[in-house]
Amino acid sequence: MNRSYKNIITTALLIFALAQGISAKELDSEAMDYRRSSIYSILVTDTEQKFSKEIQEEFLKIPVPDKYNDMNLSVRVLGTNAGIASANALSTSHLLGGEKLAMAVEKAVGGGLNGHILNFLETNKVGGRLVAKWFNRDFRTGRCDMERIKDWGLYNASEFDKELAAKSARGMAMLEDAGEDLIGNTFVLVNEINYVDKSERSKNWGAALSVLGSIAEAYTGIDYLSEAGTLTGAMITTIKGFRVKIRTRLYQLEWNDSIAMDFYRNYYQSYDDEAGAGKFDAAKGKYTLKYIGDVTSSGQKSSFLGISEERPDLMIRKACQRALDENVADLQKKYEQFKIKAPIVSVEPAIKVEIGLKEGITEDSRFEVLEAQEKDGRVVYKRVGTVRPVKGKIWDNRFMAAEEMAYGADFGATTFKKESGGDFYPGLLIRQIK
Amino acid sequence: MMYRKQVLLFAVALFCSLSAFAELMPDQNEKGKYGYLNEDGSVAIKYAYDDATAFVDGRAKVRKGNKWGYIDEAGLEVIKIKYSEIGEWKNGVAKVAVGGKTEDGDLTGAKWGFIDQNGTDVIKPEYERIGRFEDGMALIEKGGKYGYLNDSYKIVIPCKYFSVGSFDDNGHVWVNEGGSIDKNTGAVKDGKFGVLDRMGRVIVPVGYKLIGKYLTDKAIDEFNLSLCTVDRYNVSAFEDALRKEISVKYVKMYSGSYRQLYFGNVAYYEVVRAVSNARNHKTYNLYRKVMGEPVRHTAFRGFSELMAKNYRFELCSKLPESESPYYWVSENDKGEKAGLYDFNGRLVLKPNEYQCVGKPSDGVVIVADDFGKKKTKINYINLKTGAKVFQIDQEVNLQNDKGNFNDMFYDYDNGFIELSVAGKCYLFDKNGQKVSDAYDIIGDFYDGKAIVGKDSKYGLIGLSGKVDVALNYDMLWMPWESDVPDGLITAKKNGLYGYIDSSGTEVVPIKYRSVYHYSKGLCKVLDKGGWGLLDRNNNVVLDCKWKDVYYPESKDVRYVWVMDTDSLYYNFDREAGKIISRGYASVLNFNEQGVARVNAYDPDAPNNLGRLGYINLKDEVLVPFLFRRLKDVDEAYEKMLADGKERLDETDAYRYSIYLGTERNKYKLTDDIPSELWDY
């Protein structure tokens with residue numbers, strides 16, 4: 001066939017293929033392996049506030065933020081006592097008026113909550129429990145294993161075991177590497193969620209609690225059994241406009257070479273030994289968490305467009321999840337160690353990465369492109385270029401963006417353009433620098 | 001040349017079709033206004049909007065000021081921008097609001113309706129409220145009155161009612177006119193009640209002060225009725241106990257005995273007033289005494305005060321489940337002098353004719369006058385004909401509690417009723433005709449036969465009233481599952497037991513020391529060696545050599561739990577002919593997956609009932625014996641399956657038990673949470 005015919009056909013087919021959304025090389029980032037930091041997420045809440053029960057229920061449904069490993073422990077919700085009720089509860093009712101007053105009060109009282117949180121983490125030996133979880137420790141027998149580390153650290157399992165057994169330099173390096181990149185990147189997020197009470201402004205909230213108190217029953221059809229308290233012939237309720245304000249505090253597990261060596265030498269046991277188990281239990285308190293910082297959500301209201309009236313639980317979930325995601329994105333921007341790396345999933349016809357508005361990306365964000373290189377058992381990340389998002393092509397991946405019919409909700413990924421660097425390929429990681 | 005041209009045309013055609021895939025993108029300018037851009041960035045639709053969404057099927061929702069509408073890709077309004085809110089599209093129709101005021105996302109004071117894709121009104125927006133659709137019906141409110149809309153957008157119940165309930169499983173809803181709200185309870189009171197169906201048809205016309213239903217035991221359970229006696233009727237010492245609050249379990253216990261076949265010669269009625277725990281509700285129960293124990297004969301209650309609780313919300317109250325497809329109605333507050341409507345809306349008994357009306361059964365209802373007096377009059381009404389069953393009312397002395405009465409009153413069943421007259425029982429039909437001879441006792445019918453007794457000998461009569469099986473037995477018992485046909489009747493003769501069928505044939509010889517009622521196709525019998533199982537044809541399923549046998553699910557199962565001399569249950573493999581497990585204190589049958597929940601043996605626990613766990617047919621532990629509560633061990637098992645595991649080790653099981661409970665999330669920030677609530 002004449003070459004020119006072939007070119008036209010090839011071009012046409014290629015265009016057709018592109019229109020169908022098929023790119024030459026595209027990968028599913030869910031299936032892609034890359035190391036992530038880990039999060040244990042806790043809710044601290046005033047159990048007397050309105051919607052406390054609903055907020056708790058919805059909080060427990062929110063998964064660990066995207067691109068982090070799940071290091072949750074069994075305790076996820078903590079109530080605040082009257083004596084140390086966060087100022088947020090006080091401040092929100094002043095939001096419409098004395099914003100500055102609210103902030104001042106918050107600073108004075110809310111700051112005190114950090115002390116209580118650190119106390120809680122210490123008293124309950126949360127650091128030690130996170131270490132135990134890293135090593136899959138059986139609390140009855142004391143037996144530990146490296147399965148989680150091998151899995152999340154993306155090590156070749158048999159090679160890892162071999163090197164460790166041989167106590168080779170490479171094996172030791174792998175352990176150190178796991179310590180630094182994995183265990184040391186374990187974070188605790190303590191989320192203080194307060195409902196923004198509109199009761200001063202609306203008369204329709206009286207029975208709202210009872211309606212929502214029966215969310216569970218409504219969907220099993222036993223609505224006439226709802227334990228709604230004393231309804232006083234209250235008027236129609238609505239929870240449109242439901243808002244929360246969330247203050248998220250970030251803590252990091254302290255883990256360095258000497259802590260690691262002490263653990264391996266004295267407490268790691270790969271066999272059952274109840275006496276040994278007792279030793280670690282007594283020493284759990286020595287693993288600590290340090291406070292990194294905190295952020296507060298804007299308290300912006302979420303649109304409930306796209307949420308059917310039948311789902312007030314989704315309205316609450318959306319309000320909470322959006323605010324939490326906003327905080328996680330802000331923490332990532334503020335604190336270097338909390339930043340995530342996300343893999344490039346395709347480079348043809350454009351560079352695409354499955355991050356978006358949820359991660360706080362704007363047109364002005366800039367990212368470095370990293371290549372993970374393994375050397376002597378350690379993984380190092382080398383910068384190989386920089387990219388920035390393309391205007392109008394930022395994916396709206398916030399919770400329920402699709403239902404809201406938000407612009408960009410159906411993109412699936414954000415498109416980036418190269419600013420500097422050589423040829424990129426799928427699997428390289430990007431990390432925000434601005 | 002030809003080929004080249006064809007290929008070029010193909011490419012051009014592709015380009016043309018591809019351009020249809022190009023979407024306009026909303027864009028915001030520096031002034032904050034929205035418009036739409038082409039893919040190449042050129043302006044397709046001017047920046048004229050205060051909000052804009054993506055195009056879907058060629059239309060996009062846009063806002064100007066605080067009004068919404070839809071435009072097409074040419075920028076033309078296809079739905080006028082005049083709505084305060086436009087909801088989701090369902091089958092080409094969307095809920096809309098006009099007017100009103102929005103504050104913080106909360107729209108108040110608007111009028112609601114529905115439009116189609118062309119913006120034409122399907123339901124004119126003149127409703128203060130349109131609720132969500134539930135089972136195809138949505139509550140509507142106009143001018144402070146309520147009605148219902150169906151999902152074909154037809155107003156089936158116009159907005160003229162002060163209050164309405166929610167539709168129940170029969171498609172019925174209660175309505176109220178002229179009522180008011182009790183400020184303390186939120187219930188509807190006063191006014192008149194009625195019942196309508198999903199098409200708006202009248203089932204019970206609006207005109208009654210009270211409307212009630214005959215509740216199932218389950219419904220009573222759910223409303224947690226409690227009972228107390230009314231002391232204006234002389235009550236015996238036993239009934240004194242009823243003055244205390246008794247839960248519905250008590251009622252159920254005695255309701256169960258209603259189906260037992262031990263009838264005494266004495267029965268009398270007393271009315272006890274039942275008061276609902278939660279809501280000061282009144283129910284009248286007609287009690288019959290059998291063998292000295294009160295048995296609930298019938299119950300009716302008014303629901304109106306209770307049901308209106310959530311009247312203004314989508315979660316409106318539904319009429320409860322009922323045992324009998326009738327509504328009783330009353331024009332007075334106490335529910336006296338009731339009338340009856342059937343579920344098709346037919347008035348089958350006029351109100352104000354009888355002081356007390358019982359529960360209809362088999363198309364017949366018991367009625368009473370001069371209740372509580374020396375000569376209380378009792379009769380039955382045939383609801384089909386409207387006529388009294390008996391020409392003369394039965395007179396019963398309800399003042400005397402010592403019970404030298406010789407009348408018994410039951411419900412009609414299979415077209416007949418057992419009644420006692422002058423100390424003897426007869427079968428009467430619905431026309432009041434005696435169809436049987438006199439007996440000391442007549443039992444309930446099963447499979448067309450009823451057990452009868454005379455001079456301490458028992459036999460069977462058929463529906464004709466004639467004796468089918470001669471009264472030769474010392475005692476007879478019906479099968480356990482009275483709703484499963486073709487069962488066997490337990491028979492006793494000369495101190496020994498066996499089984500007969502309904503024709504009187506001795507299917508299992510009467511030679512056993514003891515037996516259980518026929519159940520699940522099996523006869524559990526006690527011979528000199530111990531307990532064993534036979535099938536309906538007298539074939540041995542399990543030899544008689546056990547201290548006890550746990551009824552298997554059917555006669556064909558291979559594995560049966562047997563109790564050995566140590567009082568523990570063991571899994572017996574019928575094919576292998578031997579025991580294949582350890583002993584357990586309590587067991588359940590293996591399910592289809594070959595898994596059973598059991599209690600371990602614990603000599604220190606009450607009844608030796610140790611903790612719960614799950615095992616398989618190989619006697620391997622799948623869920624360790626860590627759980628005290630049924631609910632927890634069952635949930636752990638379900639979670640194990642959901643996690644794709646085949647078994648749990650003790651640590652896993654322990655962790656599951658932590659996650660199953662909510663205890664772990666009930667602590668405060670200042671607490672030192674117990675170790676046993678942490679999973680690591």
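How many helices and strands does chain A have? In this predicted model, chain A has 13 helices and 13 strands.

**Figure 1. Overview of chain A in the predicted model.** Chain A comprises 434 residues, of which 40% are buried. Among the contacts in chain A with a separation of 6 or more, 78% are accounted for by residues 24 or more positions apart. Its secondary structure consists of 13 helices and 13 strands.

**Figure 2. Close-up of helices H7 and H8 of chain A.** Helix H7 spans residues 157-166 and helix H8 spans residues 169-181. Their axes come within 7 Å and cross at roughly 115°. H7(A) is therefore roughly perpendicular to H8(A). H7(A) passes H8(A) in a left-handed crossing. On the side of H7(A), the contact is made by A:Phe160, A:Glu163, A:Leu164 and A:Ala166; H8(A) contributes A:Arg170, A:Gly171 and A:Met174. By class, four residues of this contact are nonpolar, one is polar and two are charged.

**Figure 3. Close-up of the buried residues of helix H7 of chain B.** Helix H7 of chain B covers residues 650-660, and its residues B:Ala653, B:Tyr656 and B:Ser657 are buried. Seen down the axis of H7(B), the buried residues fall within an arc of 100°, so they line one face of the helix. The elements that cover these buried residues include strand S57 (621-627) and helix H6 (630-642) of chain B.

**Figure 4. Close-up of the packing of helices H6 and H7 of chain B.** The axes of H6(B) and H7(B) lie 10 Å apart, and the two helices pack at an angle of about 110°. H6(B) is therefore roughly perpendicular to H7(B). The crossing in which H6(B) passes H7(B) is right-handed. In H6(B), the residues B:Asp632, B:Glu635, B:Ala636 and B:Lys639 meet B:Ala653, B:Tyr656, B:Ser657 and B:Leu660 of H7(B). This contact of H6(B) with H7(B) has four nonpolar, one polar and three charged residues. Of the H7(B) residues named here, B:Ala653, B:Tyr656 and B:Ser657 are buried.

**Figure 5. Close-up of B:Lys618 in a loop of chain B.** B:Lys618 is found between strand S56 (609-616) and strand S57 of chain B. Is this residue, B:Lys618, buried or exposed? B:Lys618 is exposed, because 9 other C-beta atoms lie within 10 Å, and a residue with 12 or fewer counts as exposed. B:Lys618 and B:Ile580 are 38 residues apart in sequence, and their C-alpha atoms are 7.6 Å apart in space.

Note on methods
Residues are numbered from 1 along each chain as its sequence is written. Chains are lettered from A and ligands numbered from 1 in the order in which they are written. This is a predicted model: local features need pLDDT of at least 70, side-chain atom pairs count only at pLDDT 80 or more; totals for chains, interfaces and linings use all residues. A residue is buried if 20 or more other C-beta atoms lie within 10 Å of its own, exposed if 12 or fewer, and partly exposed in between; C-beta atoms are placed from the backbone. Helices (H or I, at least four residues) and strands (E, at least two) are DSSP runs, numbered from the N terminus. The arc is that of the directions from the helix axis to the C-beta atoms. Two residues are in contact if their C-beta atoms, placed from the backbone, lie within 7 Å. Axes are lines fitted to C-alpha atoms, for helices over the stretch in contact, and angles run from 0 to 180 degrees between N-to-C directions. Angles under 35 degrees count as roughly parallel, over 145 as roughly antiparallel, 65 to 115 as roughly perpendicular and the rest as oblique. A crossing is left-handed if the near helix is turned anticlockwise from the far one by less than a right angle, and right-handed if clockwise. Ala, Val, Leu, Ile, Met, Phe, Trp, Tyr, Cys and Pro count as nonpolar, Asp, Glu, Lys and Arg as charged, and the others, Gly among them, as polar.
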